[in-house]
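Me: I'd like to learn how to read a structure like this one. Can you walk me through it, one feature at a time?

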Amino acid sequence: GSRRASSAPPPPPLTPAALGLSRRLELRVEGMVPRVELETANDAAAQLRGELERMRRAMESMVPASRVEEAREEGLRLSQEVGILRRRLEGIAAAAAAPPVV
């Protein structure tokens, strides 16, 4: 057999105290969002903080291009000096090994 839905009497009207409580609850609920929205926003912020930290570490491992150029120029200058000194030493060694001129 099928049951017939019983017709419940309408709820009684709210008392002034119940109306006040209802209004306070409405005010509390206004501007509220599901907790998952906060968690989603916090997750996004954490991901961005992580990305910023990775970028900061990458920046710390870099130097201005001008410093690299300066180092290369210094290396070239030192290489030229070594070449000059090497040729002088070779000349001194060759002169020392040559028989004396009489």
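Me: Let's start with charges: how many salt bridges does the count come to?

Reply: The general idea is that side chains of opposite charge can pair when their charged atoms come close. In this predicted model, the count comes to 5 salt bridges.

Me: Which residue forms a salt bridge with arginine 56?

Reply: That's glutamate 53, and the closest N and O atoms of the pair are 2.2 Å apart. Both residues sit in helix H2, which covers residues 35-60, and they are 3 residues apart, about one turn of the helix.

Me: Why does that spacing in a helix matter for which way residues point?

Reply: An α-helix has 3.6 residues a turn, so residues three or four places apart point the same way. Back in H2, Glu53 and Arg56 also belong to a network of salt bridges, together with Arg57 and Glu60.

Me: Are arginine 56 and glutamate 53 buried, partly exposed or exposed?

Reply: Check the relative accessible area: between 20% and 50% is called partly exposed. Arginine 56 has 37%, so it is partly exposed. Glutamate 53 is at 30%, so it gets that label too.

Me: Now helix H3. Which residue forms a salt bridge with glutamate 74?

Reply: Arginine 77 does, with the closest N and O atoms 2.7 Å apart. The two are both in H3, 3 residues apart, about one turn of the helix.

Me: And which residue pairs with glutamate 81 in a salt bridge?

Reply: Arginine 77 again, this time with the closest N and O atoms 2.3 Å apart. Glutamate 81 and arginine 77 are 4 residues apart in H3, also about one turn of the helix. So arginine 77 has a salt bridge to glutamate 74 and one to glutamate 81. As for cover, arginine 77 is partly exposed because its relative accessibility is 37%. Glutamate 74, at 35%, counts as partly exposed, and so does glutamate 81, at 36%.

Me: What about arginine 87: buried or exposed?

Reply: Over 50% is the cut-off for exposed. Arginine 87 has a relative accessible area of 55%, so it is exposed. This arginine lies in helix H3, residues 65-97. Its C-alpha is separated by 38 Å from that of methionine 62, 25 residues apart from it along the chain.

Me: How do I read the span of a helix, say H1?

Reply: Compare the end-to-end distance with what you'd expect at 1.5 Å a residue. H1 runs over residues 16-29, 14 residues in all, and reaches 20 Å from first C-alpha to last, close to the expected 20 Å. After H1 comes glycine 31, whose phi is positive, near 80 degrees.

Me: Zooming out, how many helices and strands are there?

Reply: You'll find 3 helices and 0 strands, in the pattern α-α-α along the sequence.

Me: What is the radius of gyration, set against a compact globule?

Reply: A compact globule of 102 residues would come out near 13 Å, but this protein has 43 Å. The C-alpha trace spans about 140 × 45 × 15 Å along its principal axes. Just 1% of the residues count as buried. The accessible surface is about 10000 Å², with 62% of it belonging to carbon and sulfur atoms.

Me: Last one: which element has the lowest mean pLDDT, and which the highest?

Reply: H1 is lowest at 79, while H2 is highest at 96. The protein averages 88, and 94% of the residues score at least 70.

Notes. Residues numbered from 1 in each chain as written. Heavy atoms only, no water. Expected span 1.5 Å × (residues − 1). Buried < 20%, exposed > 50% of the residue type's maximum accessible area, 1.4 Å probe, protein only. Salt bridge = Lys/Arg side-chain N within 4 Å of Asp/Glu carboxyl O. pLDDT = per-residue confidence, 0-100. Rg over C-alpha atoms; globule rule 2.2 N^0.38 Å. Areas by Shrake-Rupley, 256 points an atom, 1.4 Å probe, with all protein chains shown as cover.
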